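These are my notebook entries on a structure that was new to me. I set down what I looked up, one topic at a time.

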Amino acid sequence: MKIKPQKIQASLVIMLVIVITVLAGCGGMKSTSTDAGATASTGETTSTEPVTVKLQLKWVPQAQFAGYFVAKDKGYYEQEGLNVEILPGGPDIVPEQQVAGGSADIGVDWVGSLLTSQEQEMPLIQIAQIFQKSGLVLVSKKTAGINTPADLKGKKVGNWMGGNEFELLALFDKYGLDPNKDVSFTKQGFTMDQFLGGELDAASAMTYNEYQILLESGLKDSDLNVIDMNNEGVAMLEDNLFANKEWLDANKETAAKFVRASLKGWKDAIADPEAAVDSVMKQAESGSTTKEHQLKMMQEVAKLIQPQGMDEAKMGYTDEKMFQQTADIALKFGVIKEAANVQEAYTNEIVDMANKTQ
């Protein structure tokens with residue numbers, strides 16, 4: 001009996017369907033997860049394409065962020081299979097909004113700002129604490145006679161405001177000074193001209209920026225008195241790394257790789273400040289700064305990232321006591337309206353993962 005061609009074709013189709021079904025049942029067809037092209041069940045890599053991570057800075061390129069530029073220049077991100085895009089910040093850019101909205105994956109900002117955004121129900125979580133100490137100080141000329149915080153009474157004290165004033169409010173509170181009656185608490189510009197011109201008795205300064213500007217203007221350390229927020233017990237944590245919770249849930253390995261490479265970049269920057277500044281100057285706007293100023297900034301930033309006596313292995317970890325102190329100050333002075341859930345505000349899991357897989 002002769003079999004018709006149509007029946008042969010039909011039989012072949014049926015056999016093909018059976019083979020595909022068997023292969024699928026045996027695991028021949030696998031789905032991939034979001035994280036770095038790894039399969040959900042085996043962790044097997046299915047793609048060699050680098051994973052893009054967008055980092056949103058708090059401000060314009062400067063030595064405050066040197067570790068990220070060093071990590072990129074030295075190929076540390078590339079070695080982790082990452083393509084990291086470093087997005088500059090500015091006065092009109094809020095890193096938390098950029099990360100919450102998906103324009104960036106990881107952001108850099110101060111912890112007080114992160115707490116505010118978390119209270120506004122932005123799905124953000126801190127994954128690393130880069131600065132372990134506050135860089136904020138109050139600086140005055142010795143001729144002003146401000147030897148202790150108590151001497152601020154009756155003085156004109158400046159701050160940039162806009163979220164930068166809360167450590168000073170905590171300082172005033174500690175010494176029983178009413179900022180509306182006992183001191184003249186004044187908005188300070190982003191230069192040190194008011195202080196240099198005698199319009200302010202005490203001015204806010206970051207150790208790595210404005211204080212260096214005063215020295216560059218001709219003043220000496222011996223001409224100045226400094227009130228350090230860390231020494232006064234009113235310091236708030238500053239530069240951190242945070243991510244969108246949803247992105248992090250699907251990309252923990254990627255986040256750990258980013259943190260590992262970034263910390264490696266920071267360690268190199270601390271060990272060789274001049275080389276780190278070379279990386280910074282390639283990114284800084286032409287004419288906006290000098291290599292000398294950035295070198296001083298890098299040297300001072302290093303003291304905040306790895307304070308004297310701190311074990312290098314602790315870099316990147318969030319200290320619960322300091323985070324709680326920051327949250328308490330934020331609550332007391334209205335940065336946040338309700339007490340922060342500290343246990344959900346940050347995690348050390350990603351830094352742990354970064355260190356365990358080195």
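**Entry 1. Terms for helix packing.** Before looking at pairs of helices, I noted that axes are lines fitted to C-alpha atoms, for helices over the stretch in contact, and that angles run from 0 to 180 degrees between N-to-C directions. Two packed helices are described by the angle between their axes and the distance between the axes. I also recorded that the model is a predicted one.

**Entry 2. Helices α2 and α11.** I looked up how helix α2 (residues 66–73) packs with helix α11 (residues 273–283), and found an angle of about 90 degrees and axes 9 Å apart. Angles of 65 to 115 degrees count as roughly perpendicular, and α2 and α11 are therefore roughly perpendicular to each other. On the α2 side, I listed A66, F69, V70 and D73 as the residues that meet α11. Their partners in α11 are A276, S279, V280, K282 and Q283.

**Entry 3. The whole protein.** I then stepped back to the totals. The protein has 15 helices and ten strands. Of its 358 residues, 46% are buried. Among contacts with a separation of 6 or more, 77% join residues that are 24 or more positions apart.

**Entry 4. Helix α13.** I turned next to helix α13, which runs over residues 320–332 and has 13 residues. From its first C-alpha to its last it reaches 18 Å, close to the 18 Å expected at 1.5 Å a residue. Which residues of α13 are buried? I found M322, F323, T326, A327, I329 and A330. Seen down the axis of α13, these buried residues fall within an arc of 160 degrees, so they line one face of the helix. The face turned away from the buried side carries the exposed residues K321 and K332.

I also asked what covers the buried residues of α13. The cover includes α5 (111–119), β4 (124–129), α6 (166–174) and α14 (342–345).

I checked both ends of this helix. At the start of α13, a side-chain oxygen of D319 comes to within 3.2 Å of the backbone nitrogen of K321. After the helix I found G334, whose phi is positive, near 80 degrees.

**Entry 5. The loop before α13.** D311 lies in the loop between α12 (291–305) and α13. Its relative accessibility is 47%, so I entered D311 as partly exposed. The side chain of D311 reaches the backbone nitrogen of A313 at 3.0 Å.

**Entry 6. Helix α15 and its neighbours.** For helix α15 (residues 349–356), I listed I350, V351, M353 and A354 as the buried residues. Viewed down the axis of α15, they fall within an arc of 160 degrees, so they line one face of the helix. I found that the buried residues of α15 pack against β4, α9 (245–250) and α10 (252–271).

I looked at the pairing with α10 in more detail. α10 and α15 pack at an angle of about 70 degrees, with their axes 8 Å apart. That makes α10 roughly perpendicular to α15. From α10, the contact is made by K252, E253, A255, A256, V259 and R260. From α15, it is made by E349, I350, V351, M353 and A354.

**Entry 7. N244.** Is N244 buried or exposed? This residue lies in strand β10 (residues 240–244), and at 10% relative accessibility N244 counts as buried. A polar atom of the N244 side chain lies 2.9 Å from the backbone nitrogen of E246. Leaving aside neighbours within four places in sequence, I found N244 in contact with V99, A100, D105, P123 and L124.

**Entry 8. L215.** I located L215 in helix α8 (residues 210–216). With a relative accessible area of 25%, L215 is partly exposed. Not counting residues up to four places away in sequence, L215 touches K220, D221 and L224.

**Entry 9. Positive phi values.** Most residues other than glycine have a negative phi, and most peptide bonds are trans. I therefore noted E121, which is not a glycine yet has a positive phi of about 70 degrees. E121 is in the loop between α5 and β4, and at 72% relative accessibility it counts as exposed. I also noted M161, not a glycine either, with a positive phi of about 60 degrees. M161 lies in the loop between β6 (156–159) and α6.

Technical notes:
Residues are numbered from 1 along each chain as its sequence is written. Side-chain values use heavy atoms; hydrogens and water are left out. Helices (H or I, at least four residues) and strands (E, at least two) are DSSP runs, numbered from the N terminus. The expected span of a helix is 1.5 Å times one less than its number of residues. Buried means under 20% relative accessible area, exposed over 50%, partly exposed in between (1.4 Å probe, protein chains only). The arc is that of the directions from the helix axis to the C-beta atoms. Contact means heavy atoms within 4.5 Å. A polar contact is a pair of N or O atoms within 3.5 Å; within protein, one must be able to donate a hydrogen and the other to accept it, and residues adjacent in sequence count only if both atoms are side-chain atoms. Angles under 35 degrees count as roughly parallel, over 145 as roughly antiparallel, 65 to 115 as roughly perpendicular and the rest as oblique.
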